[in-house]
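Thanks for making time this morning. I would like to walk through one model with you, going from single residues to helices and then to pairs of side chains.

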Amino acid sequence: MSPHEPQEHTAAGDGHGLARRRFLGLCAGAGLGTAAACDHGTASRPPRAADSNRPEAERGRPGTRDWRIGSLGPSDAVTGYADRVSATPGEECGLHVSTTASSFRVLAFRVGWYGGTLARLVWRSGPVPGRVQPTARLLPATRTVHADWPRTLTVVTDGWPEGAYLIRLDADNGHQRYVPLILRSTHGAGRTVLVHAPATWQAYNRWGGYSLYVGASGAYADRSLAVSFDRPYDASGAEKFLVYEWAAVVLAERLGIPLAYTTGTDVHHDPAVLHGATAVVCLGHDEYWTPEQRRHVTEARDAGTNLALLGANTCFRRVRLEAGEAGSDRTVVCYKSSYRTDPCYPSRPALVTTDFRRAPAADPESSLTGVLYEGYPVDAPYVVHMADHWLHEGTGVHPGESFDHLVGVEYDRVTPGAPVPGPLEITAHSPLVCVGTRSHSDSAYCTVPSGAGVFATGTMRWVEALMAGTGERGRDHGMDARTRAFVTRTTENLLRAFSEGPAARHRPAPRPNTRELYQAV
C-alpha cells in the first residue's frame, strides 16, 4: 500500500447484527488522515484539522485511475443509497445496499483533477455480507416510491476532505454501482461555492418505476407528485451528477481557486456557506429549487457574491422539501401542472409547487438569472455575438463564429419584458428551431448594484462540452475538441474572474444589447 492509498477497514454491517465500528483514517500508510499528520516534508506549524478538510489540501496528491464502473450488470446486481445527500467531514453516513452477490466492498472516490486521473480513492471497506433487500413500497396518494431498506453499514468520514464523492459499490459478482455523496463545506467566505443539485437528480430518478415525469405506465399522468431520497438512483447510480456536474468540478479543482462545496437542499435550510463567498456556481442542470434556496442565493448575489449558471432550465420549478423515513428533507414535492391538488393550494400560495413563473405567487426565474427557460428538445450551433467580451479572452473567436451542437437539449433565452437583475449584455445569440418554432438561445451577462456579476450560458450542454471529443462518458452529442477548447477557456475566464470578488469592480461593465437583438419583438 503506497503512502497515498486509503486504509482498508472492516465494514460495520448494521443490518446483519455486526458490531458498528468507526472507520478512522490512520496516517500510517493511509491517505485519508489529516494532511498535517502525513506531511513529513515541512517543519512549519501543522494545519488545523479544519484546514486539512479543505479542498486545497488535496492538490498535488496522486489520483486513482480505477474509479469508473466496469460493469453495471442487471439492475438488481448491486444498488444502494445513502441516508443523507451530504455530510460534513467526520460525520456518519449510512449506506443501504441490496445485492444478489454474497458480499460487496465500498470504495469512496473524491472527484478532482489529480493530474488528469480525475478522482482519488479516499477510503475503502472490507468485505460486507450481501443480501437482497425487500421490495420497495409505493405511497398511493402521491405515487412516491420508498425503498426504506435497513442500514447495511455505517461510514464515518473522518479525514475525508470536502468535495464531491462517488461511493462505488463493488459486488463480488463483478458488478458495480455508484452512490453520490457531497462532503459539504460549512464556511465559504472568500471561496467559490459549487452548488450540487440532488433535488433535480431525484426529480428525474426512475428507480422503482416512478419519477416526477412518468409513472410505471410511462405516462405523465401517472407520475409521482413527490419523490423520495430513500431509494437508489437509476442507471449508474450517479447519472445526473456525471453528465451535468462532474466535468465542472474537475475544471474548478484544476484551476486551483479556493473552493467550497454544498447542495441546493443544504442552502435551503442554512445559507451560511454563501456568506462572504466570492461566487456561487450552479452546474449544468439545476432545475428544482425551494423558495428558501432561491431567496438565499438572491441575498448572496445582492451582497456581492457573483453568480455563474453553467446550464439551462435553472431555478425553473418551485418545490418543497418534506420529511421521509430517514429524516427531514428526504422528500422532494412538486405537483407541477397539478398544483391545484397541492395541499398548500390556495392557502399558502408561495409554497405551492409548480413553475416559479406560474400562478399562484408567480416569480419568473429571470429576476435571479437574467434568462428564461424556453424549450426542449433542441440541437443547434452556439453562435458567438460579443467576441470581444472579457469572457472570451484567449479563445480567438470572432463575431458569428459557431460551435455545432453546443445548444441543447434544453435552452434559455433573454425575453424582453421579463424581470432581470440588471441591463444584459448578450454574449452569444444562437438561432434555433424547437418543436417547429424559431427562436434563439442566449448567453447573457449583467451586474447588480452590489457589484456582483451574473452569467448564464443558456444551454444545458455547457458542462458536457468540457469533455467533448475526449471519449470520456461516451456522449458528446457530436461536439468536438474545438468546442471543448472554447468552452473550457471561457469557463476558466469566468471562474477566475468571479473568484476575485464582485465582478463589476475589476471587469468591464456589460454593454446592454437586448433591444438591438430583439428590436422586432
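Let me begin with arginine 120, which sits in strand 6, spanning residues 119-125, of what I should say at once is a predicted model. Is this arginine buried or exposed? Arginine 120 counts as buried because its relative accessibility is 0%, and its side chain makes a polar contact of 2.7 Å with the side chain of glutamate 58.

For the setting around that residue, the chain has 521 residues, of which 59% are buried, and its secondary structure comes to 11 helices and 26 strands. If we take the contacts between residues at least 6 apart in sequence, 74% of them join residues at least 24 apart. The accessible surface comes to about 18,900 Å², and carbon and sulfur atoms account for 52% of that surface.

Now to the charged pairs, starting from the general point that side chains of opposite charge can pair when their charged atoms come close. How many salt bridges does the chain have? The count comes to 27 salt bridges, and I will take three of them in turn.

In one of these, glutamate 91 meets arginine 84, with 2.8 Å from N to O. Glutamate 91 counts as partly exposed because its relative accessibility is 27%, and arginine 84, at 28%, likewise counts as partly exposed.

Another joins aspartate 355 to arginine 317, where the closest N and O atoms are 2.7 Å apart. Aspartate 355 lies in the loop between strand 21 (327-333) and helix 8 (366-369), while arginine 317 belongs to strand 19 (residues 317-318), so this pair ties together parts that are 38 residues apart in sequence. Both aspartate 355 and arginine 317 are buried.

A further salt bridge runs between arginine 357 and glutamate 365, with the closest N and O atoms 2.6 Å apart. Here the partners fall into separate classes, since arginine 357 is partly exposed with a relative accessible area of 29%, whereas glutamate 365 is buried with a relative accessible area of 1%. Salt bridges that share partners also join Glu58, Arg61 and Arg120 into one network, and that brings us back to the arginine I opened with.

Let me turn to two of the helices. Helix 7, residues 291-302, has 12 residues and reaches 16 Å from its first C-alpha to its last, which is close to the 16 Å expected at 1.5 Å a residue. Its buried residues include Pro291, Arg294, Val297 and Arg301. After helix 7 comes glycine 304, whose phi is positive, near 110°.

Helix 10, residues 481-498, has 18 residues and reaches 25 Å between its first and last C-alpha atoms, close to the 26 Å expected at 1.5 Å a residue. Which residue caps the N-terminal end of helix 10? That residue is aspartate 480, which places a side-chain oxygen 3.3 Å from the backbone nitrogen of arginine 482. Among the buried residues of helix 10 are Thr483, Phe486, Glu492, Leu495 and Phe498.

Phe486 leads on to the aromatic rings, because ring pairs link Tyr382, Phe403, Trp462 and Phe486 into a cluster. The count of aromatic pairs comes to 18. Tyrosine 204 and tyrosine 213 form one that is stacked, at 4.3 Å centre to centre and 25° between the planes.

I will close with two more single residues. Aspartate 266 is found in helix 6, residues 264-269, and is buried, with a relative accessible area of 8%. The side chain of aspartate 266 has a polar contact of 2.6 Å with that of threonine 263, and, not counting residues up to four places away in sequence, aspartate 266 touches Ser86 and Arg184.

Threonine 427 lies in strand 24, residues 425-434, and counts as buried at 0% relative accessibility. Leaving aside neighbours within four places in sequence, threonine 427 is in contact with several residues, including His385, His389, His392, Tyr445 and Phe455. The C-alpha atoms of threonine 427 and aspartate 388 are separated by 9.1 Å, although these residues are 39 apart along the chain.

Conventions. Residues are numbered from 1 along each chain as its sequence is written. This is a predicted model: local features need pLDDT of at least 70, side-chain atom pairs count only at pLDDT 80 or more; totals for chains, interfaces and linings use all residues. Side-chain values use heavy atoms; hydrogens and water are left out. Helices (H or I, at least four residues) and strands (E, at least two) are DSSP runs, numbered from the N terminus. Buried means under 20% relative accessible area, exposed over 50%, partly exposed in between (1.4 Å probe, protein chains only). Contact means heavy atoms within 4.5 Å. Accessible areas come from the Shrake-Rupley method with a 1.4 Å probe; for residues, only the protein chains shown count as cover. A polar contact is a pair of N or O atoms within 3.5 Å; within protein, one must be able to donate a hydrogen and the other to accept it, and residues adjacent in sequence count only if both atoms are side-chain atoms. The expected span of a helix is 1.5 Å times one less than its number of residues. A salt bridge is a side-chain nitrogen of Lys or Arg within 4 Å of a carboxyl oxygen of Asp or Glu. Rings of Phe, Tyr and Trp (its six-membered ring) pair if their centres lie within 6.5 Å; planes under 30 degrees apart count as stacked, over 60 as edge-to-face and the rest as tilted.
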